[in-house]
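These are my notes from a first look at one chain. I took up a residue or a feature at a time and wrote down what I found.

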Amino acid sequence: MDIGASIRAIRKQRKITISQLCEGTGLSKGFISNVENNKTSPSIATLESIATFLNVPLPYLLLKNEQRMHVVRKDERQQTTAGSDNLKVEHLSAKGGLRMMICEMPPGATTGTNMHAGEECHFVLKGKIVAEQAEDMEVLEAGDSFSWNASVPHKVTNTGEESALVLISVYKDISFEDIH
């Protein structure tokens with residue numbers, strides 16, 4: 001945890017001087033300097049005072065770097081292929097048990113029947129698809145969305161005459177063993 005660097009970054013981003021932070025919190029320049037350089041560990045009450053002055057929630061200052069926002073630029077996306085139809089999958093983002101991706105399906109392509117732990121939400125960005133889960137079957141077009149429990153066998157097929165693009169979010173509970 002790098003609380004000092006977080007405080008310094010927020011202060012500088014907001015163009016607040018150390019003097020202004022000291023005046024607003026009642027803390028000394030030396031103390032603030034030591035906090036920003038991680039040479040002292042401030043109390044929760046002190047952090048709350050600093051967070052209030054900087055207008056950020058206290059928990060934000062306590063986040064570890066890996067818990068903060070993670071950005072994936074368009075040109076940095078991991079791309080893979082899936083299934084026998086070599087569906088193009090762009091991995092957009094992942095956090096904990098949540099993953100988000102875009103799947104490009106050529107006309108006639110199918111995911112094949114899948115089942116796995118977790119929940120899925122889909123949003124059809126382009127094209128026409130058929131989503132099947134057990135006895136349920138729906139035709140969906142651009143702008144439509146659907147979700148399902150992924151542990152039940154499911155399949156998506158592009159029934160349109162153009163490539164289909166589907167935004168997919170998959171959530172799987174992460175057990176304690178998965179993170180240790």
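Which residues does leucine 140 touch, not counting residues up to four places away in sequence? I looked this up and found Val124, Gly127, Lys128, Ile129, Ala131, Ser145 and Phe146. I note here that I am working from a predicted model.

**Entry: the cores**

I next looked for leucine 140 in the largest nonpolar core. This core has 17 residues, and Leu140 is listed among those with the most contacts inside it, together with Cys103, Met105, Ile129, Phe146, Val156 and Ile168. I then asked which strands supply at least two residues each to this core. They are strand S2 (87-95), strand S3 (98-105), strand S5 (128-133), strand S7 (145-149) and strand S9 (164-171). S9 gives the most, with four residues. Apart from this core I found another, of 15 residues, including Ile7, Ile10, Leu21 and Leu61. As background, I wrote down that nonpolar side chains in soluble globular proteins tend to be buried together.

**Entry: aromatic rings**

I searched for aromatic pairs and found one in the structure. The pair is formed by phenylalanine 146 and tryptophan 148, with 4.9 Å from centre to centre and 65° between the planes. It is edge-to-face, because the angle between the planes is over 60 degrees. Phenylalanine 146 and tryptophan 148 are both buried. Phe146 was already in my notes, as one of the residues with the most contacts inside the largest nonpolar core.

**Entry: tyrosine 60**

Which residue lies over the face of tyrosine 60? I found arginine 68 there, at 4.3 Å from the ring centre. Tyrosine 60 is part of helix H5 (residues 58-62). I recorded tyrosine 60 as partly exposed because its relative accessibility is 35%. Leaving out residues up to four places away in sequence, tyrosine 60 touches Ile10 and Arg68. Ile10 is among the residues of the 15-residue core. I also checked a span across the chain: tyrosine 60 and serine 145 are 85 residues apart along it, and 33 Å separates their C-alpha atoms.

**Entry: the largest pocket**

I looked up the largest pocket and read about 400 Å³ of space in it. Its lining is made of 21 residues, and those nearest the centre are Ala82, Thr111, Asn114, Glu120 and Ile168. Strand S1 (78-82), S2, S3, strand S4 (119-126), strand S8 (154-158) and S9 each give two or more residues to this lining. S3 gives the most, with four residues. I marked Ile168 a second time, since I had it down for the largest nonpolar core as well.

**Entry: threonine 157**

Is threonine 157 buried or exposed? I put threonine 157 down as buried, because its 16% relative accessibility is under 20%. Its place is in strand S8. Setting aside neighbours within four places in sequence, I listed its contacts as Met105, Gly108, Ala109, Thr110, Lys128, Ile129, Val130 and Glu132.

**Entry: lysine 126**

I found lysine 126 in strand S4. At 33% relative accessibility, lysine 126 counts as partly exposed. How far apart in space are lysine 126 and leucine 165, C-alpha to C-alpha? The distance is 4.9 Å, and in sequence they are 39 residues apart. Lysine 126 also touches Leu165, along with Ala142, Glu162, Ser163 and Ala164, when residues up to four places away are not counted.

**Entry: positive phi**

I noted two residues with positive phi that are not glycine. Asparagine 38 has a phi of about 55°. I located asparagine 38 in the loop between helix H3 (29-36) and helix H4 (44-54), and at 43% relative accessibility it counts as partly exposed. Alanine 134 has a phi near 50°. Alanine 134 sits in the loop between S5 and strand S6 (136-141), and with a relative accessible area of 59% it is exposed.

**Entry: glutamine 13**

My last lookup was glutamine 13, in helix H1 (residues 3-13). I recorded glutamine 13 as exposed because its relative accessibility is 62%. Between the C-alpha atoms of glutamine 13 and aspartate 136 there are 52 Å in space, and the two are 123 residues apart in sequence.

Terms used. Residues are numbered from 1 along each chain as its sequence is written. This is a predicted model: local features need pLDDT of at least 70, side-chain atom pairs count only at pLDDT 80 or more; totals for chains, interfaces and linings use all residues. Side-chain values use heavy atoms; hydrogens and water are left out. Buried means under 20% relative accessible area, exposed over 50%, partly exposed in between (1.4 Å probe, protein chains only). Rings of Phe, Tyr and Trp (its six-membered ring) pair if their centres lie within 6.5 Å; planes under 30 degrees apart count as stacked, over 60 as edge-to-face and the rest as tilted. A charge sits over a ring if NZ of Lys or CZ of Arg is within 6 Å of the ring centre and within 35 degrees of the ring normal. A nonpolar core is a set of buried Ala, Val, Leu, Ile, Met, Phe, Trp, Tyr and Cys residues joined through side-chain atoms within 4.5 Å. Contact means heavy atoms within 4.5 Å. On a 1 Å grid over the protein atoms alone, a cavity is a set of points where a 1.4 Å probe fits but cannot get out, and a pocket is an open set with protein on both sides within 12 Å along at least five of seven lines; lining residues have an atom within 4 Å of a point. Grid points are joined across faces, edges and corners, and a volume is the space filled by probe spheres set on the points.
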